[in-house]
Structures are given as C-alpha cells and as structure tokens.
Amino acid sequence: MSTLPQIKNAIMCDPQNRSFTERGIEPLFSAPTTARINIVGQAPGTKAEQTRLYWNDQSGDRLREWLGVDREVFYHSGLFAVIPMDFYYPGKGKSGDLPPRKGFAEKWHSQILADLPHIELTILIGQYAQKYYLPQNKLNVTETVKNYRIFLPHFLPLVHPSPRNQLWLAKNPWFVQEVIPALQQRVKQILAP
C-alpha cells in the first residue's frame with residue numbers, strides 16, 4: 001500500500017502530468033486520513049490552481065453554504081476530502097472549462113481512497129463524477145440530483161455550485177427546498193462529535 005506522499009509523487013511523475021510538473025504545478029486534492037466526507041467535483045478552476053487552494057472561488061463559497069459549513073471547518077477540520085475527477089486545471093473550452101481528462105480518476109482515486117477508511121458520504125458534483133461513481137445510473141444530472149435519495153447513504157449527487165447555474169437553480173426550486181436541507185442534515189450528522 002502506498003502512502004499519500006508516494007501517490008502524490010507518482011501523480012507528478014506520470015507522463016500524463018509532465019507539463020504541469022515542469023511548470024511547478026502540483027496536483028490539487030486533499031485526502032486527510034480523518035476525512036468523513038469526500039467531495040468529488042470536475043477539476044480545479046483557474047483561481048484554485050493559482051492560489052493552490054481547491055474550491056477557493058464563488059463556486060466554493062456556494063458549496064460551503066450548501067454544506068452548512070464555514071471555511072475553517074471545510075479547510076482545517078480534517079473532516080473533508082476533496083478528490084476531483086482531475087487534479088489539474090484542464091484549460092478553457094468553447095463554453096467554459098474543458099472536461100477532466102479521461103482515465104485520470106480510474107488511475108488515482110482508488111489508490112487515494114484506500115487510505116481514507118472513515119468516509120461516510122461522497123458528494124458527487126456534476127455529470128463526470130456522477131457517471132464515474134454511479135455507473136449503473138442512466139439519468140441525466142437533473143434527474144439524478146432530483147432522485148438523490150436512491151443513492152444515499154453513501155452518495156449524494158449535486159449540480160455544480162457555479163454562479164453560471166443560476167438559471168438551473170431558478171428553474172428547479174425543489175433543489176434548494178429539498179436537496180440542500182437534506183444535504184445539510186446529513187453533513188451535520190456525520191460531522192457531529
């Protein structure tokens with residue numbers, strides 16, 4: 001079994017990540033062995049990559065609001081792992097960021113998760129995380145999130161908390177009325193001492 005520093009070094013030495021390593025960019029994820037909740041999103045954004053802090057933007061602010069936790073708990077409690085589908089910013093596409101690279105999660109997630117024995121809930125943000133962790137699910141993101149109860153207690157699917165999703169949130173008021181309270185209650189239960 002590899003240790004987290006060994007896994008991180010292997011990620012940086014992987015030819016797939018050479019261009020990032022050569023520019024001094026390390027993989028951006030967090031995997032404290034004490035973590036009880038794992039958050040799987042798409043990939044770090046530009047601000048996260050620049051500041052070397054995951055979910056350090058407006059999307060992160062909204063995510064913490066949805067979770068019902070502050071920055072201190074999110075970043076410093078050791079209770080949250082953040083293991084995105086790609087640990088590097090994938091670049092800009094025509095309509096937003098490019099998707100995470102194929103095969104990346106397959107290569108690294110299981111190795112990292114092997115050292116996280118206390119995970120009780122994995123929050124799946126967006127289509128890439130949901131397709132990977134819920135391979136039998138054939139619903140689209142909206143329907144997956146709407147039917148979140150069928151994936152509990154181990155998984156809870158969410159839409160991306162990006163400010164760009166304002167229109168989706170306006171069209172789907174059930175999300176804030178039903179899913180967010182359920183998410184906050186589950187997080188509170190798990191984080192209770």
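## Strands and their partners

Two strands count as paired when DSSP finds at least two bridges between them. Keep that in mind as you look at this predicted model. Take strand 5, residues 121-125: four bridges tie it to strand 6, and the two run parallel. One spot to find on screen is Ile 125, whose bridge partner in strand 6 is Leu 158.

Now zoom out to the whole sheet. It's an open sheet of four strands, ordered 2-1-5-6, and the pairing is parallel. Strand 2 (80-82) and strand 6 (155-158) sit at the edges, each pairing on one side only. Going from one strand to the next, the twist averages 20°.

## The annotated domain

The UniProt record, an unreviewed entry, puts a "domain: Uracil-DNA glycosylase-like" feature at residues 28-184. Over residues 28-184, the chain is 39% helix and 13% strand. The C-alpha atoms at the two ends of that stretch are 25 Å apart.

## Helix 10 across the sheet

Helix 10 covers residues 174-191 and lies across strand 1 (37-40), strand 2, strand 5 and strand 6. Relative to strand 6, helix 10 runs at about 145°.

Helix 10 also meets helix 4 (residues 58-67): their axes come within 7 Å and cross at roughly 75°. Angles of 65 to 115 degrees count as roughly perpendicular, so that's the label for helix 4 against helix 10. Which residues of helix 4 meet helix 10? They're Glu 65, Trp 66 and Leu 67, and on the helix 10 side you'll find Phe 175, Ile 180, Leu 183, Gln 184 and Val 187. Sorted by class, this contact between helix 4 and helix 10 has six nonpolar residues, one polar and one charged.

## Helix 1 against helix 6

Here's another helix pair to look at. Helix 1 (residues 4-13) and helix 6 (residues 104-113) have axes that come within 10 Å and cross at roughly 165°. Angles over 145 degrees count as roughly antiparallel, so helix 1 and helix 6 are roughly antiparallel to each other. Their crossing is right-handed.

What does helix 1 bring to this contact with helix 6? Leu 4, Ile 7, Ala 10 and Ile 11, which meet Phe 104, Trp 108, Gln 111 and Ile 112 in helix 6. By class, the contact of helix 1 with helix 6 has seven nonpolar residues and one polar, with no charged residues.

How values were computed
Residues are numbered from 1 along each chain as its sequence is written. This is a predicted model: local features need pLDDT of at least 70, side-chain atom pairs count only at pLDDT 80 or more; totals for chains, interfaces and linings use all residues. Side-chain values use heavy atoms; hydrogens and water are left out. UniProt positions are given in the numbering used here, feature names are shortened, and annotations may be inferred rather than shown by experiment. Axes are lines fitted to C-alpha atoms, for helices over the stretch in contact, and angles run from 0 to 180 degrees between N-to-C directions. Contact means heavy atoms within 4.5 Å. Angles under 35 degrees count as roughly parallel, over 145 as roughly antiparallel, 65 to 115 as roughly perpendicular and the rest as oblique. A crossing is left-handed if the near helix is turned anticlockwise from the far one by less than a right angle, and right-handed if clockwise. Ala, Val, Leu, Ile, Met, Phe, Trp, Tyr, Cys and Pro count as nonpolar, Asp, Glu, Lys and Arg as charged, and the others, Gly among them, as polar.
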